[in-house]
Amino acid sequence: MSGDSKIGVQAVGGLVRTGATRRIASESAAAARPPVRVAAQDALPVARLITMTGELAAQGPSVDVSRVAALRTAIAGGSYTPDAAAIAKAMLAFQKGSGA
């Protein structure tokens, strides 16, 4: 089963095919099956997700670059002392789903 690592559903241009994404010995049987049409309402969320992905990518990273630089400097200089209690509290809050 060395070539079967990419078996799944493929959706391209409103057509959905199930089967291997790589060529394998049983491809001729898969090619004989007709493609399944995806309803227009099912394609709409995909289009929205693609649009949202583009918008998020255009926004850039949500990282405070100056804070990261300050932390790197403090760590390199040996003056950074993490608050273990605050870290543990934030980790527990994250695991409970309440955020930090």
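**Chat about a predicted model**

Biologist: Which residues form the nonpolar patch on the surface?
Modeller: Val63, Val65 and Val68 make it up, with about 240 Å² of accessible area together. Areas come from the Shrake-Rupley method with a 1.4 Å probe, and for residues only the protein chains shown count as cover.

Biologist: What's the rule for patches?
Modeller: Patch residues have over 30% relative accessible area and no salt bridge; nonpolar side chains (Val, Leu, Ile, Met, Phe, Trp, Tyr) are joined within 5 Å, like charges within 9 Å. A salt bridge is a Lys or Arg side-chain nitrogen within 4 Å of a carboxyl oxygen of Asp or Glu.

Biologist: And what are we looking at, source-wise?
Modeller: It's a predicted model: local features need pLDDT of at least 70 and side-chain atom pairs count only at pLDDT 80 or more, while totals for chains, interfaces and linings use all residues. Residues are numbered from 1 along each chain as its sequence is written, and side-chain values use heavy atoms, with hydrogens and water left out.

Biologist: Back to Val68, where does it lie?
Modeller: In helix H3. Val68 is partly exposed at 31% relative accessible area (buried is under 20%, exposed over 50%, partly exposed in between, with a 1.4 Å probe and protein chains only).

Biologist: Why say H3 lies largely in the open?
Modeller: Because the number buried is one, out of 13 residues.

Biologist: How far apart are its end C-alpha atoms?
Modeller: For H3, residues 65-77, they are 18 Å apart, which agrees with the 18 Å it should span. That expected span is 1.5 Å times one less than the number of residues. Just after H3, Gly78 takes a positive phi of about 80°.

Biologist: How many buried residues does H4 have?
Modeller: One among its 13 residues, so to speak hardly covered. H4 covers residues 84-96 and reaches 18 Å from first C-alpha to last, and Gly97, just after H4, has a positive phi of about 90°.

Biologist: What sits in the loop between H3 and H4?
Modeller: Tyr80, for one. Leaving aside neighbours within four places in sequence, Tyr80 is in contact with Leu71, Ala74 and Ile75 (contact means heavy atoms within 4.5 Å). Tyr80 is partly exposed, at 38%.

Biologist: Zooming out, which pattern does the protein follow?
Modeller: β-β-α-β-α-α-α along the sequence, which comes to four helices and three strands. Those are DSSP runs numbered from the N terminus: helices are H or I with at least four residues, strands E with at least two.

Biologist: How much of it counts as buried?
Modeller: 4% of the 100 residues.
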